[in-house]
Amino acid sequence: MGGLSKRKKFLVGVSGGRDSMVLLHALHALGFQKMVVCHLDHGLRGASSKLDARLVKRTADRMGLEIEQARARTADYAQAEKKSVELAARDLRRAFFAGCAGLHRCPSIVLAHHADDQVETLLLALSRGAGLPGLASMPSKWLRDDLHWHRPLLNVAGAKLREYLTLLEVTWVEDPTNQDEQFTRNRIRAQLLPALERAFPQFRDTFSRSASHAAEA
């Protein structure tokens with residue numbers, strides 16, 4: 001998977017949602033045992049987020065994997081830093097992962113972004129008038145803050161992940177904030193993507209290729 005070694009320890013970000021649970025199960029099925037499962041509760045959904053934490057902990061324990069869990073006060077941080085909740089959550093996740101990397105002395109973190117996320121990111125970039133770097137969207141590998149980041153599912157469509165879930169009966173938790181259309185990415189997912197798919201059935205593949213061409217340029 002994307003150049004990852006079974007002999008070296010790495011971190012894997014697991015929220016408890018569909019994509020990250022597919023990633024965790026796929027890595028485990030492929031024989032990756034030196035993983036540290038990292039789960040950050042953003043503190044945005046009250047008691048319901050504890051279900052996510054319990055599911056992730058139970059799954060990691062069943063697989064015999066190390067796990068790091070923490071809880072953040074994302075809304076307070078966003079207000080103090082005058083940032084959107086989305087950006088605040090991203091900052092806090094990065095800080096959490098960096099702390100886990102230092103604790104376990106492993107500089108690599110694996111994330112569950114997939115091809116549909118790439119298309120959404122490209123559409124966000126287009127809506128904001130981004131230049132070539134923005135149109136390159138998300139890289140599959142990159143170095144930031146002395147951490148090596150990996151997205152091994154970036155070329156896998158969301159539909160394939162759903163098939164995997166059904167086939168292996170993977171348990172996951174649906175985050176209701178993913179349906180909240182006050183967030184721009186959710187509006188793109190709920191309104192724009194279905195319209196594009198009706199008009200241009202192959203648009204997900206072509207948009208992903210466009211992002212790859214921009215990254216190469």
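These legends accompany an overview and several close-up views of a predicted protein model.

**Figure 1. The whole predicted chain, with its nine helices and six strands**. Let's start with the full fold before zooming in. The radius of gyration is 17 Å, close to the 17 Å that the globule rule gives for 217 residues, so the protein is as compact as a globular protein of that length. Along the principal axes, its C-alpha atoms fill a box of roughly 45 × 40 × 35 Å. Buried residues account for 42% of the 217 residues. Among contacts with a separation of 6 or more, 72% link residues 24 or more positions apart.

**Figure 2. The surface of the protein and its charges**. About 12000 Å² is exposed, and 53% of that area comes from carbon and sulfur atoms. If you are thinking about electrostatics, here is a simple starting point: the protein has 32 positive and 24 negative charges, and the mean positions of the two sets are 4 Å apart.

**Figure 3. Asp 19 in helix α1 and its partner His 114**. Helix α1 spans residues 18–29, and Asp 19 is found within it. The side chain of Asp 19 makes a polar contact of 3.1 Å with the side chain of His 114. Leaving aside residues up to four places away in sequence, Asp 19 also touches Ala 112, Asp 117, Leu 153 and Leu 161.

**Figure 4. Ala 130 in the loop between α5 and α6**. Here the view moves to the loop that joins α5 (115–127) to α6 (132–135), where Ala 130 has its place. Ala 130 has a relative accessible area of 29%, so this residue is partly exposed. Beyond residues up to four places away in sequence, Ala 130 touches Ala 125 and Leu 135.

**Figure 5. Lys 82, a loop residue with positive phi**. Most residues other than glycine have a negative phi. Lys 82, however, has a positive phi, near 55 degrees. This lysine lies in the loop between α3 (74–81) and α4 (85–104). Its relative accessibility is 75%, so Lys 82 counts as exposed.

**Figure 6. Ser 137, a buried loop residue with positive phi**. Which loop holds Ser 137? Ser 137 sits between α6 and β5 (141–144). The phi of Ser 137 is near 60 degrees, again a positive value in a residue other than glycine. Is Ser 137 buried or exposed? At 16% relative accessibility, Ser 137 is under the 20% cut-off, so this serine counts as buried.

Methods: Residues numbered from 1 in each chain as written. Predicted model: local features only at pLDDT ≥ 70, side-chain atom pairs only at ≥ 80, totals over all residues. Heavy atoms only, no water. Helix = DSSP H or I, 4+ residues; strand = E, 2+ residues; numbered from the N terminus. Rg over C-alpha atoms; globule rule 2.2 N^0.38 Å. Buried < 20%, exposed > 50% of the residue type's maximum accessible area, 1.4 Å probe, protein only. Contact = heavy atoms within 4.5 Å. Areas by Shrake-Rupley, 256 points an atom, 1.4 Å probe, with all protein chains shown as cover. Lys, Arg positive; Asp, Glu negative; His and termini not counted. Charge placed at Lys NZ, Arg CZ, Asp CG, Glu CD. Polar contact = N/O pair within 3.5 Å; in protein donor to acceptor, adjacent residues only side chain to side chain.
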